Amino acid sequence: MKTTSRRSFLQGIGGAALSLPWLESLCIAAPAKPVAQRLAFFYVPIGVVRRGFFPGEQNAILPKFTSSQKEIPIDKQIATGVHPLNLTPTMQPLEPFKDKITLVTGLDRTFQQGTDVHAQCASCFLSSAAPFTVKQSAWPLNRTLDHIVADHIGKTTPFRTLEFSCNSHRDNKESLYFDNISWYGTGHVAPSIRDPRKAYRRLFGTQEVESYRNITDLVLDDARSMKRQLGYSDKQKFAEYFDSVRTIEEQMEKLEKMKGELNQVTFEEPAEAHLPRGEYIRLMGDLMVVALQTGLTNVATFMVGPERWDTPFLYESLFDKPRSHHQMSHNQKRFLDDLLKVDRFHMEQFAYLVKKMDQIEEANGTSLLDNTLFTYGSGLGDGATHQYSDLPTIIAGSGSGNLKTGMHLNLADGTPLANLWLTQAKTMGLKMNRYADSTGSIGELLKNQ
């Protein structure tokens, strides 16, 4: 039987810069490589409504709006330590993956006085430098965790990191500090990909292919000659993979057509405000998952929306017209039901990506999710009070079996968010004893402790 290596197969598909998922039939000629570890972040702006997200707070008093950051005392009903994972209404979309996620509560960040409360939320989320330690910035902003980890696990991938953003607006009301979570270093932003078509071309395109034919058509045509050499399960996996790429293309075409039609109409809001929010987020998420699946990158950040960006978005399954998440967050009493819907909407998009990652099989029989630390989080604990304490945090996946899952870990008040980042970095193989303002690893998360 003729054997074909992954490399020779890639060379035979017309030179298109397209990676493939793991296929057993194409690995006969070469020793199998260890399954890669991945790190990804799903950032939600403006925090959450606490009574919908946090266990034991369903009857908590609704907070009044405060314009600045304050230390807000939290009336916790759950003791410090490990507890069974009871999914609240906001977290309910994660029910099918309950055994593969961990809720972490009690994580705090320190606010550096002297700047706008929203400016530090996203920009410092993955750096969490101790206040006033970064002298050349008004924010405690340093090189972010994704780039530090990528220096270790991203050396052999085409892209060390990939940054995705779901902010389609171009009004630029706020500075880049409100709209980016990934930074090469202080003052040096890692630009996010915001346009699905540009993201697709960056991941899969070559000038030769784009000049005269559809990328997927080229690959599928050449792939047909390989079909006889693939086993049954690989044929199924191969078809599923290219179906997903084809679906991405169709979704892009649909949104592009819609953009063109919307630009012909005069709105009070920008035309982008009327794009279906869920479709846009899932399309960008599909691109991120394919990039992680095929080894184009091992590290990705995914920003659902910007901080304090009053330009509205159309949450197509929730409201009949575009709404501003930020403006609603300042009056929880009036907009409580609507805010709870937005929080659950964001969780549904996270659950969609978790499901997609869990359905992708890797070379050792585990799933892409099993070999990833995929963290849902926000730079605020609550949008009305602008609190930096008790941040909403969920970890999906176990990082190749290194972290415990299926539990609720309630940490002691004042535990730095950087403790989680230090734990994740060490899980990814980095040898470090401290990260930013961390005070130590979170041993309760580690399987070997």
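The crossing of helices α9 and α11 is right-handed, in a structure that is a predicted model. Helix α9, which covers residues 277–293, packs against α11 at an angle of about 30 degrees, and the axes of the two helices lie 10 Å apart. Angles under 35 degrees count as roughly parallel, and that is why α9 is described as roughly parallel to α11. On the side of α9 the contact is made by Arg277, Gly278, Ile281, Arg282, Gly285, Asp286, Met288, Val289 and Leu292, while α11 contributes Phe345, Gln349, Tyr352, Leu353, Lys356 and Met357.

Helix α9 also packs against α5, a helix of residues 196–204, with an angle of about 10 degrees between them and their axes 10 Å apart. This angle makes α5 roughly parallel to α9. Here the contact involves Pro196, Ala199, Tyr200, Leu203 and Phe204 of α5, which meet Tyr280, Leu283, Met284, Leu287, Val290 and Ala291 of α9. The two packings of α9 can be set out together.

| Helix pair | Angle | Axis separation |
|---|---|---|
| α9 and α11 | about 30 degrees | 10 Å |
| α5 and α9 | about 10 degrees | 10 Å |

Arg277, which belongs to the contact of α9 with α11, also has its charged end over the ring of Phe313, 3.7 Å from the ring centre. In a similar arrangement, the charged end of Arg323 sits over the ring of Phe319, at 4.5 Å from its centre.

Aromatic rings also meet one another, and the structure holds 16 aromatic pairs. One of these joins Phe350 and Phe374, whose ring centres are 4.9 Å apart and whose planes stand at 40 degrees, so the pair counts as tilted. Because Phe350 lies in helix α11 (residues 332–358) and Phe374 in strand β8 (residues 372–377), the pair ties together parts that are 24 residues apart in sequence. Phe350 is buried, with a relative accessibility of 0%, and Phe374 is likewise buried, with a relative accessible area of 0%. Both residues belong to one aromatic cluster, which is formed by Phe42, Phe53, Phe54, Phe302, Phe350, Phe374 and Tyr376.

Strand β8 appears again around helix α12, since the elements that cover the buried residues of this helix include β1 (38–43), β3 (101–108), α4, β8, β9 (393–396) and β10 (407–416). Helix α12 spans residues 417–427 and is mostly covered, with 10 of its 11 residues buried. Among the buried residues are Leu417, Leu420, Trp421, Leu422 and Thr427. After α12 comes Gly429, which has a positive phi, near 100 degrees.

Strand β10, one of the elements covering α12, is also the place of Asp413. Is Asp413 buried or exposed? With a relative accessibility of 64%, Asp413 counts as exposed. Asp413 and Gly106 are 307 residues apart in sequence, yet their C-alpha atoms are 5.6 Å apart in space.

A further residue to consider is Cys124, which lies in the loop between α3 (119–123) and α4 (145–153). Cys124 has 0% relative accessibility and therefore counts as buried. When residues up to four places away in sequence are not counted, Cys124 touches Arg109, Trp139, Pro140 and Leu141. Cys124 and Trp139 are 15 residues apart along the chain, and their C-alpha atoms are separated by 7.4 Å.

Technical notes:
Residues are numbered from 1 along each chain as its sequence is written. This is a predicted model: local features need pLDDT of at least 70, side-chain atom pairs count only at pLDDT 80 or more; totals for chains, interfaces and linings use all residues. Side-chain values use heavy atoms; hydrogens and water are left out. Rings of Phe, Tyr and Trp (its six-membered ring) pair if their centres lie within 6.5 Å; planes under 30 degrees apart count as stacked, over 60 as edge-to-face and the rest as tilted. Helices (H or I, at least four residues) and strands (E, at least two) are DSSP runs, numbered from the N terminus. Buried means under 20% relative accessible area, exposed over 50%, partly exposed in between (1.4 Å probe, protein chains only). A charge sits over a ring if NZ of Lys or CZ of Arg is within 6 Å of the ring centre and within 35 degrees of the ring normal. Axes are lines fitted to C-alpha atoms, for helices over the stretch in contact, and angles run from 0 to 180 degrees between N-to-C directions. Angles under 35 degrees count as roughly parallel, over 145 as roughly antiparallel, 65 to 115 as roughly perpendicular and the rest as oblique. A crossing is left-handed if the near helix is turned anticlockwise from the far one by less than a right angle, and right-handed if clockwise. Contact means heavy atoms within 4.5 Å.
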